Amino acid sequence: MEFWSMMMITVTVAVVGGGMVMVKGAMRKAHMWWQERELGEERRRRLPPGDMGWPLIGNMWTFLRSFKSRDPDSFITYFVNRFGRIGIYKAFMFGSPTIMATTPEVCKVVLMDDEKFIPGWPKATCELIGKKSFIGITHEEHKRLRRLTSTPINGHEALSTYLKFIEDTVIVTLEKWASMGEIQFLTELRRFTFRIIMHIFLSSESDPIMESLERVYTDLNYGMRAMAINLPGFAYHRALKARKKLVAVLQSILDERRSMKRGKPPREGKDMMDALLEVKDENGRKLDDEEIIDVLIMYLNAGHESSGHITMWATVFLQEHPDCYRLAKLEQEEIRRNKPPMQKGLTLKDVRQMEYLSKVIDETLRLVNISFVAFRQATTDVEINNYIIPKGWKVQVWYRNVHMDHEVYPDPKEFKPSRWDGVTPKVGTFLPFGGGSRLCPGNDLAKLEISVFLHYFLLDYKLERLNPESPVRYLPHPRPKDNCMARITKPSATSMKAEHISTSDNGSSHSR
Ligand code: HEM
């Protein structure tokens with residue numbers, strides 16, 4: 001090709017390419033202007049720095065790309081690299097202008113102020129979990145229902161009541177898995193934690209009902225962090241169908257319970273469903289079916305998904321870190337050895353003595369970040385660090401970023417239970433269960449389930465993953481793509497004894 005033809009082509013490409021860049025820039029600017037148009041000059045000037053992305057989709061494309069890659073943290077890193085570690089940025093997420101809080105200091109301010117920040121979950125989450133669940137009701141109603149439902153789950157008395165059931169379930173379940181050959185370890189663990197939360201809320205249901213309900217929850221969860229696109233083939237569409245099924249099943253259980261109760265004195269051994277049926281507000285009003293069902297859908301979901309995932313990751317991390325595994329096993333052997341001869345199972349005192357295991361669980365919670373972000377909405381203009389969060393804007397509390405911030409946790413991607421030696425985390429720096437009035441009401445129950453499971457697992461079982469290199473998927477929660485295909489084996493006591501015992505753990509990189 002002649003020199004001049006080449007030049008013409010090069011110049012045309014440059015002009016068209018440059019033009020495209022300018023058009024893109026103009027579109028993004030117009031989008032930002034449109035979203036901020038009602039704020040007025042002064043408030044607009046005081047917004048935190050940020051990037052509102054593209055018209056309609058905002059930053060969702062970048063967010064999803066990061067969370068579908070191996071490096072989900074790249075989403076927030078982009079803001080930090082561009083605007084500095086100021087902990088507060090503007091963005092456009094899930095269809096709304098949003099302020100993202102990413103450092104402990106800023107997250108703490110948002111979590112602790114219930115008047116200025118109310119729940120502000122995306123449309124998909126509200127529709128799927130239910131408008132009458134904790135994320136949709138008034139502040140007063142939330143306080144009342146929370147009081148009613150959290151004491152029977154998390155108090156000392158409640159935990160000692162559930163301990164025996166949890167323990168029996170762990171023993172039977174591990175035996176069963178060891179005879180099953182290849183299993184999806186995560187799926188089985190979710191069934192295990194579902195059985196426990198079903199026991200607490202609905203006394204119990206038959207195995208087939210329980211398994212089919214748990215499967216429906218899987219679909220519900222996939223839609224929760226998705227865009228609210230109600231078209232066949234989209235996660236949200238499948239999740240809406242799942243919600244319908246859950247409502248139908250829970251409604252039939254509720255109808256049965258109401259007809260059983262009619263004219264009869266209260267049953268002995270009440271579960272949470274009974275408590276919800278009986279509770280009255282100060283005016284004597286009882287909860288209607290929709291309210292009870294939404295609270296149940298929320299609790300049954302929150303009460304098994306996260307604990308199932310964390311139990312899986314804690315087991316996997318221990319298997320990947322032989323030094324930590326030995327320390328954890330040694331501690332559990334000592335607890336078994338020190339049990340009085342007449343004591344059959346574990347007591348809460350035994351569980352409290354599992355100091356190293358507690359560090360393993362905390363480190364897993366930090367590293368895995370099951371709830372990577374929480375959603376709020378500002379009820380009024382709020383000033384933080386001289387920036388303004390405008391009234392009505394959504395606010396995201398980035399728990400994940402707090403836990404992966406190397407200024408808070410050196411080598412944040414390393415699994416290192418020893419980082420918790422003698423450490424009480426500063427307020428706002430460790431938020432696996434959230435904080436403030438929305439602190440997870442199942443935190444102690446979750447830790448109890450995980451500890452009891454690991455106690456029996458470490459003493460007698462081993463995990464053999466079939467695809468240890470299986471890539472990790474981060475949405476809706478971090479999990480191996482193959483759901484942790486594995487064999488659970490029960491090696492003989494003699495071969496276990498031969499294991500060498502060391503006294504320190506070495507970290508290695510495992511961000512999840
Ligand atoms: C390892 C397990 C668990 C993790 C990591 C976890 C995490 C969380 C987090 C971060 C929040 C706060 C969300 C926010 O800031 O808005 C939360 C709330 C909640 N969790 Fe958990 N959770 C776990 C287990 C459980 C269990 C076992 C239950 C039930 C017994 C439960 C029930 C709830 C409920 C009902 C809420 C809403 C609280 C409210 O809005 O007042 N969670 N959880």
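The ligand in this predicted model is surrounded by 24 residues, the closest being Gly 303, Ser 306, Gly 434, Cys 440 and Gly 442; a residue counts as near a molecule or strand if its C-beta atom, placed from the backbone, lies within 6 Å of it. Two or more residues of this shell come from each of helix H7 (139-154), helix H13 (289-302), helix H14 (305-320) and helix H19 (443-460). Helices (H or I, at least four residues) and strands (E, at least two) are DSSP runs, numbered from the N terminus. By character, the shell comprises 16 nonpolar, 6 polar and 2 charged residues. Here Ala, Val, Leu, Ile, Met, Phe, Trp, Tyr, Cys and Pro count as nonpolar, Asp, Glu, Lys and Arg as charged, and the others, Gly among them, as polar.

Residues are numbered from 1 along each chain as its sequence is written. Because the model is predicted, local features need pLDDT of at least 70 and side-chain atom pairs count only at pLDDT 80 or more, while totals for chains, interfaces and linings use all residues.

Helix H19, which contributes to the ligand shell, also packs against helix H8 (residues 156-178) at an angle of about 40°, with the axes 10 Å apart. Axes are lines fitted to C-alpha atoms, for helices over the stretch in contact, and angles run from 0 to 180 degrees between N-to-C directions. The contact includes Leu 159, Tyr 162 and Leu 163 of H8, and Leu 445, Leu 448 and Val 452 of H19; two residues are in contact if their C-beta atoms, placed from the backbone, lie within 7 Å. The residues of this contact divide into 13 nonpolar, no polar and 3 charged.

The description now turns to the sheets. One open sheet has 5 strands in the order S1-S2-S8-S5-S3, with mixed pairing; two strands pair if DSSP finds at least two bridges between them. Strand S1 (88-93) and strand S3 (117-119) are at the edges and have a single partner strand each, so one side of each is left without a neighbour in the sheet. On average, neighbouring strands of this sheet are turned by 35° against each other, direction ignored. Within the sheet, strand S2 (residues 96-101) and strand S8 (residues 394-397) run parallel and are joined by 4 bridges. Met 100 has Gln 396 in S8 as its bridge partner. Helix H5 (residues 104-112) lies across S1, S2, S3, strand S5 (374-378) and S8, and runs at about 120° to S8.

A further open sheet consists of 3 strands in the order S4-S12-S9, paired in the antiparallel sense. Its edges are strand S4 (182-184) and strand S9 (462-465); each has a single partner strand, so one side of each is left without a neighbour in the sheet. The twist from one strand to the next averages 45°. Between S9 and strand S12 (residues 485-489) there are 4 bridges, and Lys 462 stands opposite Thr 489 in S12. Helix H9 (residues 185-202) lies across S4, S9 and S12, at about 65° to S4.

Two details of the backbone remain. Most residues other than glycine have a negative phi, and most peptide bonds are trans. Phe 94, in the loop between S1 and S2, has a positive phi near 50°. Leu 475 and Pro 476 are joined by a cis peptide bond, with omega about -5°; Pro 476 lies in the loop between strand S10 (472-473) and strand S11 (479-480).
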